[in-house]
Amino acid sequence: MNKLALVLVIIGALNWGSIGVFGVDLVGVLCGGQASIISRIIFTLVGLAGLWAITMLFSHEPREAH
């Protein structure tokens, strides 16, 4: 679950970066506009992943060795 949340948070960060730098909402462009149901689902999932990521800040689990 943590890896999925991390992937979604990264997608959200890249999307916000593209909005800030280029003025382009990549999720909106790729999914038919900001108001399309697919875009709204992705935005919702990214938001939920962000909330989940907050819990990772306070987790006492040891980091995985890479």
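Serine 36 reaches back toward cysteine 31: a polar atom of the serine side chain lies 2.7 Å from the backbone oxygen of cysteine 31. This is a predicted model, and the points below follow the chain from serine 36 into helix α3 and on to a nonpolar patch on the surface.

**Around serine 36**
- Serine 36 sits in the loop between α2 (26–31) and α3.
- With a relative accessibility of 18%, serine 36 counts as buried, because the cut-off for buried is under 20%.
- The side chain of serine 36 also makes a polar contact of 3.1 Å with the side chain of serine 39.

**Helix α3 and its two sides**
- Helix α3 has 21 residues, which should span 30 Å at 1.5 Å a residue; the C-alpha atoms at its ends are 31 Å apart, in agreement with that.
- Ser39, Val46 and Ala49 are the buried residues of α3.
- Looking down the axis of α3, these buried residues fall within an arc of 85 degrees, so they line one face of the helix.
- On the face turned away from that buried side, α3 carries the exposed residues Ile37, Arg40 and Leu51.

**The nonpolar surface patch**
- Nine names make up a nonpolar surface patch of about 960 Å²: Ile37, Ile38, Ile41, Leu45, Leu48, Leu51, Ile54, Leu57 and Phe58.
- Leucine 57, one of the patch residues, belongs to helix α3, which covers residues 37–57.
- Leucine 57 has a relative accessible area of 67% and is therefore exposed, as the cut-off for exposed is over 50%.
- Ile37 and Leu51 belong to the patch, and both are also among the exposed residues on the face of α3 turned away from its buried side.

Conventions. Residues are numbered from 1 along each chain as its sequence is written. This is a predicted model: local features need pLDDT of at least 70, side-chain atom pairs count only at pLDDT 80 or more; totals for chains, interfaces and linings use all residues. Side-chain values use heavy atoms; hydrogens and water are left out. Patches are made of residues with over 30% relative accessible area and no salt bridge: like charges are joined within 9 Å, nonpolar side chains (Val, Leu, Ile, Met, Phe, Trp, Tyr) within 5 Å. Accessible areas come from the Shrake-Rupley method with a 1.4 Å probe; for residues, only the protein chains shown count as cover. A salt bridge is a side-chain nitrogen of Lys or Arg within 4 Å of a carboxyl oxygen of Asp or Glu. Helices (H or I, at least four residues) and strands (E, at least two) are DSSP runs, numbered from the N terminus. Buried means under 20% relative accessible area, exposed over 50%, partly exposed in between (1.4 Å probe, protein chains only). A polar contact is a pair of N or O atoms within 3.5 Å; within protein, one must be able to donate a hydrogen and the other to accept it, and residues adjacent in sequence count only if both atoms are side-chain atoms. The expected span of a helix is 1.5 Å times one less than its number of residues. The arc is that of the directions from the helix axis to the C-beta atoms.
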